[in-house]
Each structure stands twice: as structure tokens, then as C-alpha cells.
Amino acid sequence: NIRNLMLTSPGERVMISDFGVGLRNYLFENNSAELQSRINSRIREQVEIFMPFVVINNVEFLNQDEKIMGIRVFYSVPSQKFSDLFEVIKPIT
């Protein structure tokens with residue numbers, strides 16, 4: 001469910017047009033503190049709306065050459081005593 005929320009672009013899901021973080025939408029933007037803040041906020045907003053039982057513990061950006069090369073989202077589900085990490089890393093070619 002977390003993966004679907006992160007990778008779905010807003011407008012992509014039928015009948016729920018505001019669903020999704022849309023990480024692919026940020027792929028070619030220049031890395032900046034402002035961009036990382038926007039992504040972080042979007043992740044937290046979407047989880048709060050669509051998965052209120054999930055707690056975002058940390059969002060970590062993996063940078064190389066002023067580009068975001070990956071993101072790690074550490075999350076937990078307190079009611080299930082479960083913690084995990086969602087990770088997307090772009091291979092360096």
C-alpha cells in the first residue's frame with residue numbers, strides 16, 4: 001500500500017484524483033532544500049489522508065552530484081507493532 005501511494009501520480013487513480021505522492025513527477029527537478037521539503041510534505045500529507053494508521057518516522061534523501069538519486073521513507077504501524085522502510089534508488093549509469 002505504501003508503494004502504491006508513493007508511486008501513483010495525482011490524477012492517475014480513477015475516482016480519487018488527489019491520491020498519490022507522484023514521486024516520478026519530481027524525477028527531473030533540480031535538487032534543492034525546497035524540493036526536498038515539498039516531497040517530504042507531500043508524503044506526510046498523503047499518508048495522513050489515505051493511511052492514517054501509518055506513522056512516518058523519517059524521510060531520507062540520497063543525493064549525488066546535486067541530484068536526488070533515491071529516497072527512503074521509514075514508517076511504522078503502531079497498532080500492529082510493525083516498522084519498515086520504503087526505498088526507491090535510481091541506479092547511477
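Is Glu87 buried, exposed or partly exposed? With a relative accessibility of 37%, Glu87 falls in the partly exposed class. Keep that residue in mind, as we'll come back to it after a look at the whole chain. One caveat up front: what you're looking at is a predicted model.

Let's start with the overall layout. The chain has 2 helices and 3 strands, and if you walk along the sequence you meet them in the pattern α-α-β-β-β. The radius of gyration comes out at 13 Å, close to the 12 Å that the globule rule gives for 93 residues, so the chain is as compact as a globular protein of that length. Put a box around the C-alpha atoms along the principal axes and you get roughly 40 × 30 × 25 Å. Of the 93 residues, 33% count as buried. The outside adds up to about 6300 Å² of exposed area, with carbon and sulfur atoms supplying 50% of it. As for how the chain folds back on itself, take the contacts between residues at least 6 apart in sequence: 29% of these join residues at least 24 apart.

Now for the inside. In soluble globular proteins, nonpolar side chains tend to be buried together. Here, the largest nonpolar core holds 21 residues, and Met6 and Ile43 are the ones that touch the most other members. Two or more residues of this core come from each of helix H1 (2-7), helix H2 (33-50), strand S1 (55-64) and strand S2 (67-77). Met6 is a nice place to zoom in. If you ignore neighbours within four places in sequence, Met6 is in contact with Val21, Gly22, Leu23, Ile43, Val47, Val73 and Phe86. Notice that Ile43, the other residue touching the most core members, is on that contact list.

Back to the charged side chains. There are 3 salt bridges in the model. One of them sits within helix H2, where Arg38 and Glu34 are 4 residues apart, so about one helical turn separates them. Their side chains meet at 3.2 Å, N to O. Both partners are partly exposed: Arg38 has 34% relative accessibility, and Glu34 has 47%.

The strands tell another story. Glu60 and Arg72 form a salt bridge with their closest N and O atoms 2.9 Å apart. Because Glu60 belongs to strand S1 and Arg72 to strand S2, this pair ties together parts that are 12 residues apart in sequence. Glu60 is partly exposed at 27%, and Arg72 is too, at 25%. Here's where Glu87 returns: the side chains of Glu87 and Arg72 meet in a salt bridge at 2.4 Å, N to O. Glu87 is in strand S3 (residues 82-89) and Arg72 in strand S2, so this bridge ties together parts 15 residues apart in sequence. Through shared partners, the salt bridges join Glu60, Arg72 and Glu87 into one network.

Aromatic rings make some links of their own. A pair of aromatic rings is described by the distance of the centres and the angle of the planes. The model has 2 aromatic pairs. In one, the rings of Phe19 and Phe50 have centres 5.0 Å apart and planes at 70°, so they pair edge-to-face. This pair links distant parts of the chain, with Phe19 in the loop between H1 and H2 and Phe50 in helix H2, 31 residues apart. Phe19 is buried at 9% relative accessibility, whereas Phe50 is partly exposed at 26%. The other pair is Tyr75 and Phe82, whose ring centres are 6.5 Å apart with planes at 55°, so the arrangement counts as tilted. Again a buried ring meets a partly exposed one: Tyr75 has 11% relative accessibility, and Phe82 has 38%.

Finally, a couple of backbone oddities to look for. Most residues other than glycine have a negative phi, and most peptide bonds are trans. Met15 has a positive phi, near 75°, and lies in the loop between H1 and H2. Lys81 also has a positive phi, about 50°, without being a glycine, and its place is in the loop between S2 and S3. Both residues count as exposed, Met15 at 81% relative accessibility and Lys81 at 80%.

Technical notes:
Residues numbered from 1 in each chain as written. Heavy atoms only, no water. Core = buried A, V, L, I, M, F, W, Y, C linked by side-chain atoms within 4.5 Å. Buried < 20%, exposed > 50% of the residue type's maximum accessible area, 1.4 Å probe, protein only. Contact = heavy atoms within 4.5 Å. Salt bridge = Lys/Arg side-chain N within 4 Å of Asp/Glu carboxyl O. Rg over C-alpha atoms; globule rule 2.2 N^0.38 Å. Areas by Shrake-Rupley, 256 points an atom, 1.4 Å probe, with all protein chains shown as cover. Phe/Tyr/Trp six-rings, centres within 6.5 Å; stacked < 30°, edge-to-face > 60°.
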